[in-house]
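Trainee: I've got the sequence and the model open, and I'd like to talk through how some of the strands fit together. Can we go step by step?

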Amino acid sequence: MAVPKFHSLTIKSIRHPSNGSTALQFEIPEGLADTFLFDPGQYLTLRATIDGEDIRRSYSICSARNAGDLEVGIKQVPDGRFSNFARTLKIGDKVQVMSPQGRFTAPIGDRHNYLLIAAGSGITPCLSIAKSVLKEEPQSTLTLIYGNRSTKTVMFLDDINALKDRYTERLQMFHAFSREQSDIAFLNGRLNSTMIDNLCAKNLINLFDYDAAYICGPQDMTEELQAALLDLGMEKDQVNIELFGTHQSPKPVSANTIIGNGNIGVDVIVDGKRNSLLMDPREQTVLAAAQGAGLDLPFSCAGGMCCTCRCKIVEGKAAMDVNYSLQDWEIEAGFTLACQSRPTSKHLVLDFDAK
Ligand code: FES
């Protein structure tokens, strides 16, 4: 796996898929066509210097794969530095864009029945999955359960309605609203496990019919619905989640676990080059220390969610403050997240080139 890099892409079109959101479509230069091939459900990291600061944010791709489109949906966040900056962008502007990343992806090319559950801007990866499956798999079917405050805040409502019109028999759609009357009484309120129970109890969905479920939204909703689907009989490897933000503050690795008095040597291998630095694990993560030393490591969320900073421990030990994205097998194989890692040995070597 090549270390992901930023490329300068030109904005080809801009639209506003709801009040308070922006969708940016990028031109893909011929030479970068392979670099920007993506699996539905992946995201792009956008980068800009805003008020003199290097700001990166990840936004999921909402286009169908193999359609020649590369579009991301950006929900405006009050005081959100990148989302407010995005509103100032114009067609023809250039933006630094990292090659597509992420594992919240659906296999395409066979016959599937997928359950997609999204809240708010969590629709973006689900929309890419829905568009790709419906377009490329003529036998496949989908159920989309989408939670919003009201019709006005639904992102990509026109896209969803167009899919519903075109694929009436293959796309089953449920809207849940927290500040507007839903068509189905028990879908009033924020998306929750009781709604899933009710949809099953009324035979509107049957969880045993689905090959996989994809849940995307805020952490509390995502984890509640993941637990509900598992309780109702889906297997762990069938239920995929993508967090759009966490409500938990990171818990730094316990001071008892950290050794040394501040001068821990860390070697970072990236693009075949070994870089050495000294760091204080009580004060910084490896990523923060590497940035301070002027190293350009791949990262995006810096919050343990996106996995862009994934690397392998090849010598020494490290512990993570939080981990929302690495799977158990990756941790067992020695992978860690640089944005969350603090050395717990006198010397640590991390390899970003490791597969
Ligand atoms: S940068 Fe996102 S998990 Fe580390």
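Trainee: Which residue is the bridge partner of Leu24 in strand 5?

Mentor: Keep in mind that we're looking at a predicted model. Strand 2 pairs with strand 5 (residues 71-75) in the antiparallel sense, over five bridges. In that pairing, Leu24 has as its bridge partner Val72.

Trainee: And which strand 2 residue is the bridge partner of Ile14?

Mentor: Strand 1 (residues 6-18) also pairs with strand 2 in the antiparallel sense, again with five bridges. The two strands form a hairpin with two residues between them, and Gly20 in the turn has a positive phi of about 85°. Across this pairing, Ile14 sits with Leu24.

Trainee: How many of the six residues of strand 2 are buried?

Mentor: Here, buried means that 20 or more other C-beta atoms lie within 10 Å of a residue's own. Strand 2 (residues 21-26) is largely enclosed by the rest of the structure, because the number of its residues that are buried is five.

Trainee: Let's move to the open sheet of five strands. Which strands stand at its edges?

Mentor: The order in this sheet is 13-12-18-14-16, with mixed pairing. An edge strand has a single partner strand, so one side is left without a neighbour in the sheet; that fits strand 13 (273-279) and strand 16 (335-337).

Trainee: Which residue in strand 16 stands opposite Arg310?

Mentor: Strand 14 (residues 310-315) and strand 16 run antiparallel, joined by three bridges. Opposite Arg310 in strand 16 you'll find Leu337.

Key: Residues are numbered from 1 along each chain as its sequence is written. This is a predicted model: local features need pLDDT of at least 70, side-chain atom pairs count only at pLDDT 80 or more; totals for chains, interfaces and linings use all residues. Two strands pair if DSSP finds at least two bridges between them. Helices (H or I, at least four residues) and strands (E, at least two) are DSSP runs, numbered from the N terminus. A residue is buried if 20 or more other C-beta atoms lie within 10 Å of its own, exposed if 12 or fewer, and partly exposed in between; C-beta atoms are placed from the backbone.
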